[in-house]
Structure formats: C-alpha cells, structure tokens
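Colleague: I should be grateful for a close look at one part of this model, namely the residues that the database record marks as a binding site. Please set that part in the context of the chain as a whole.

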Amino acid sequence: MPNSKNKALGILALAGVEPYQEKPDEEYMNVEQLEHFKKILDAWRVQLREEVDRTVTHMQDEAANFPDPVDRAAQEEEFSLELRTRDRERKLIKKIEKTLQLIEEDEFGFCKSCGIEIGIRRLEARPTADLCIECKTLQEIKERQMAG
C-alpha cells in the first residue's frame with residue numbers, strides 16, 4: 001500500500017496546494033489566505049469547464065442511430081445522465097464565480113447569516129460555503145421540517 005500520509009485530498013490536490021497553515025496571531029482572511037482560496041477556486045472552475053467541453057465532444061463522437069430500440073434507449077439514458085451532471089456542474093461554476101467575486105469584494109469567509117468567521121478548514125472542504133456550520137445546520141433542520 002502506498003504511503004499517503006502527506007497526500008492532499010480532493011479540491012486541494014486538484015489545485016496543487018497543501019492545507020493552509022495558519023500562523024500565530026494571523027489576521028483572518030488576509031491576502032495570503034485569499035490567494036490560497038482563489039487558487040483553489042480557479043483550479044476547480046477550470047476542471048469543471050474541461051469536463052463540460054469533454055462531454056460535448058464525447059456526445060458528438062458517440063452519437064449514433066442504433067437500429068435496436070434497446071441500444072438507442074441505453075444511449076439516450078447515458079446522454080441524459082451526462083447532461084444532468086453537466087447541468088449541476090454549470091450551476092457549481094456559477095457558484096464558484098460568485099465566490100470569486102466575494103473574494104474580490106473582500107466579503108469571503110464570513111457567514112452571510114450571522115457574520116462570524118466560517119473557518120479555514122471548512123472553506124477548504126467546501127470553498128463555496130457561505131454559511132457557518134451552525135447556521136447551515138439550522139438551515140438544514142428547517143428544510144427537513146418544511147419537507148416532512
């Protein structure tokens with residue numbers, strides 16, 4: 001089994017960055033931290049855009065008029081699933097762009113509901129987060145109550 005003690009996971013690995021190491025008495029969301037998150041978000045956006053382009057190419061290359069209705073239905077289902085995935089990714093790209101705009105406006109990293117710091121580790125796990133963990137938990141509880 002390979003040694004993966006120091007291996008970054010997910011979005012951090014995609015961006016080629018290590019988890020941010022805070023310095024003692026460092027100001028929250030200083031220039032270094034903002035650049036760290038900007039790099040993560042840019043890499044994520046580029047990767048998603050490449051996936052969208054790859055899907056278009058794949059669908060054009062794979063499009064065939066199968067005489068067998070079962071084969072045709074299977075291909076349509078595959079394309080439908082891909083299009084649904086790409087639609088979610090397009091929405092995520094918009095959310096990433098909105099988050100990058102928050103970085104430019106110096107509003108990134110703070111809960112939009114209560115205004116407290118969201119936290120470096122939470123933002124590394126979910127860079128587009130705009131609620132602190134407490135407000136997000138409350139929001140999810142309210143959603144469950146409304147649905148059920």
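Modeller: The account below begins with the annotated site, moves to a helix that precedes it in the sequence, and ends with the overall form of the chain. Please bear in mind that this is a predicted model.

The site itself comes from the record: an unreviewed UniProt entry lists Cys111, Cys114, Cys132 and Cys135 under "binding site". These four cysteines span 25 residues in sequence, yet no two of their C-alpha atoms are more than 8.1 Å apart, so they gather at one spot.

Two of these cysteines can be described in detail. Cys111 sits in the loop between H3 and helix H4, the latter covering residues 120-125. With a relative accessibility of 5%, Cys111 counts as buried, because the cut-off for that class is under 20%. Once residues up to four places away in sequence are set aside, the contacts of Cys111 are Ile116, Ile118, Asp130, Leu131, Cys132 and Cys135. Two members of the annotated set, Cys132 and Cys135, are thus among the residues that Cys111 touches.

Cys132 belongs to the loop between H4 and helix H5, which runs over residues 133-147. Cys132 is also buried, its relative accessible area being 2%. Beyond its neighbours within four places in sequence, Cys132 is in contact with Cys111, Cys114, Ile116, Ile118 and Arg122. Ile116 and Ile118 therefore appear in the contact lists of both Cys111 and Cys132, a contact being heavy atoms within 4.5 Å.

The loop between H3 and H4 that holds Cys111 also contains Asp106. Asp106 has a positive phi of about 60°, although it is not a glycine. Asp106 is exposed, with a relative accessible area of 51%. A positive phi of about 60° is found at Asp25 as well, again a residue that is not a glycine. Asp25 is placed in the loop between helix H1 (10-15) and helix H2 (31-62), and it is exposed at 84% relative accessible area.

Helix H3 covers residues 69-104 and includes Glu97. Glu97 is partly exposed, at 31% relative accessibility. Apart from neighbours within four places in sequence, Glu97 contacts Arg45 and Arg49. With Arg49, the side chain of Glu97 forms a polar contact of 2.5 Å. The C-alpha atoms of Glu97 and Thr128 are 9.3 Å apart, although 31 residues separate the two along the chain.

Glu89 is another residue of helix H3. At 14% relative accessibility, Glu89 counts as buried. Leaving aside neighbours within four places in sequence, Glu89 is in contact with Leu48, Glu51 and Val52.

As for the whole, the protein chain has five helices and zero strands, following the pattern α-α-α-α-α along the sequence. Its radius of gyration is 20 Å, well over the 15 Å that the globule rule gives for 148 residues, so the chain is more spread out than a compact globule. The C-alpha trace spans about 70 × 45 × 40 Å along its principal axes. Buried residues account for 30% of the 148 residues. Of the contacts between residues at least 6 apart in sequence, 55% join residues at least 24 apart. The accessible surface comes to about 10,500 Å², and 52% of that belongs to carbon and sulfur atoms.

Methods:
Residues numbered from 1 in each chain as written. Predicted model: local features only at pLDDT ≥ 70, side-chain atom pairs only at ≥ 80, totals over all residues. Heavy atoms only, no water. Helix = DSSP H or I, 4+ residues; strand = E, 2+ residues; numbered from the N terminus. Buried < 20%, exposed > 50% of the residue type's maximum accessible area, 1.4 Å probe, protein only. Polar contact = N/O pair within 3.5 Å; in protein donor to acceptor, adjacent residues only side chain to side chain. UniProt positions renumbered as here; feature names shortened; annotations may be inferred. Rg over C-alpha atoms; globule rule 2.2 N^0.38 Å. Areas by Shrake-Rupley, 256 points an atom, 1.4 Å probe, with all protein chains shown as cover.
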